[in-house]
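Subject: Structure for you to look through

Dear colleague,

I am passing on a structure that I would like you to open and read alongside my notes. Please keep it on the screen while you go through them.

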Amino acid sequence: MEIFAHRGASGSCPENTMAAFRKTAGLAITGVEFDVHLTADGEPVVIHDETVDRTTDGNGMVKDLTLSEIKKLDAGSWFSREFEGERIPTLMEVLALFEHTPHRLNIELKSDVFPYPGMREKVIAAVREFGLEQRVILSSFDHETIREAKREAPEIETGVLFMEILADGPGYAASIGGDALHSAIPYAVRESGQRAAAEGAVIRVFTVNSREHAEMVRRSGARAIFTDHPEEMAGLFGG
Ligand code: G3P
Ligand code: MG
């Protein structure tokens, strides 16, 4: 089963930081997943939440802060003092780190709460600038974004993110230009998910952090898991 580090190696490092990505870059796993929002001055930055409150020493919405304001925040201390001084990375910094590694890069476009006009186009331009079209997967819970991304960049793989137990996942994905199904655990292990996998659908499952869940997902026929513990999961389920 393929292993993707969820928000980088987020079990042992602060999520979505260069520390978490450097650790991931040294692992023999398939790929890394990270989340992108847009700053007030239009820079794609790598952070999970709409606000900086949970994962930095600051507060406020990413969309209301400029890149220079964002770059002053400490994104490591909330996790452990060892990581004091970690910053919120830009998308460009993360792409540069992985430019010459073999990893696949799953960029999750977090446009499902705020639409972030222009973000999708900027992300696609950055992927093309680095020549990473064949290694990137663009995913989102915002399925309009998936449809538009596939229209604008048919050469880049798309992943449809969802929490529901879809009756016809592959049919739905195909209707919006989705190449893969990025599902929560319940869909993957249900009959509809298992049938889809058997018929050739690519299913990647989030977030799989226990051995028991990983075992269930592997039996389901899914292609990959997103996990906060990539090193441990690769040892148990990789390959
Ligand atoms: O892309 C898989 C997973 O990251 C989706 O959920 O909330 O962790 O971004 P979330
Ligand atoms: Mg994510």
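Is strand β4 (residues 104–109) mostly covered or mostly uncovered, and how many of its 6 residues are buried? Before the answer, please keep in mind that this is a predicted model. Strand β4 is mostly covered, since 5 of its 6 residues are buried.

The strands on either side of this topic are worth following one after the other. Strand β2 (residues 31–38) is joined to β4 by 6 bridges, and the two strands run parallel; within this pairing, Asp35 has Glu108 of β4 as its bridge partner. Strand β4 also pairs with strand β5 (residues 136–140), again in the parallel sense, over 4 bridges, and here Glu108 stands opposite Ser139 of β5. To get from β4 to β5 the chain passes through helix α4 (residues 119–129), and this β-α-β crossover is right-handed.

Which residues hold the magnesium ion (ligand 2) as its protein donors? They are Glu33 and Glu108, each through OE, and Asp35, through OD, and they lie 2.0 to 2.1 Å from the ion. Along the sequence, the donor residues follow the spacing E-x1-D-x72-E. Asp35 in strand β2 and Glu108 in strand β4 therefore link distant parts of the chain, being 73 residues apart.

Why do Asp35 and Glu108 both count as buried? The cut-off is a relative accessible area under 20%. Asp35 counts as buried because its relative accessibility is 0%, and Glu108 is buried because its relative accessible area is 5%.

The loop that follows helix α4 gives a contrasting case. Gly131 is found in the loop between α4 and β5, and it counts as exposed because its relative accessibility is 53%, where the cut-off for exposed is over 50%. Gly131 and Glu99 are 32 residues apart in sequence, yet from C-alpha to C-alpha they are 8.5 Å apart in space.

Further along the chain, how are the faces of strand β8 (residues 203–206) arranged, covered or open? Both faces are covered: Ile203 and Val205 on one side, and Arg204 and Phe206 on the other, are all buried. Strand β7 (residues 180–184) is joined to β8 by 4 bridges, the two running parallel, and Ser183 has Val205 of β8 as its bridge partner. Strand β8 is likewise joined to strand β9 (residues 224–227), in parallel, by 2 bridges, with Val205 standing opposite Ile225 in β9. The chain crosses from β8 to β9 by way of helix α9 (residues 211–220), and this β-α-β crossover is right-handed.

Finally, a word on empty space inside the protein. Rolling a probe the size of a water molecule over the atoms shows where empty space is left. How many cavities of 30 Å³ or more does a search of the whole structure find? The search finds 1, and the largest cavity holds about 60 Å³ of space. The residues that line the largest cavity are Glu15, Asn16, Thr17, Val46, Ile47, His48, Thr55, Ala75, Trp78 and Ile88, and this lining divides into 5 nonpolar, 4 polar and 1 charged.

With best wishes

Terms used
Residues numbered from 1 in each chain as written. Chains lettered and ligands numbered in written order. Predicted model: local features only at pLDDT ≥ 70, side-chain atom pairs only at ≥ 80, totals over all residues. Heavy atoms only, no water. Buried < 20%, exposed > 50% of the residue type's maximum accessible area, 1.4 Å probe, protein only. Pairing = 2+ DSSP bridges. Right-handed = clockwise from strand over helix to strand, strands pointing away. Donors = N, O, S within 2.8 Å, 3.2 Å for Na, K, Ca; no water. 1 Å grid on protein atoms, 1.4 Å probe; cavity = no way out; pocket = protein on both sides within 12 Å on 5 of 7 lines; lining within 4 Å. Points joined across faces, edges and corners; volume = space filled by probe spheres on them. Nonpolar A, V, L, I, M, F, W, Y, C, P; charged D, E, K, R; others polar.
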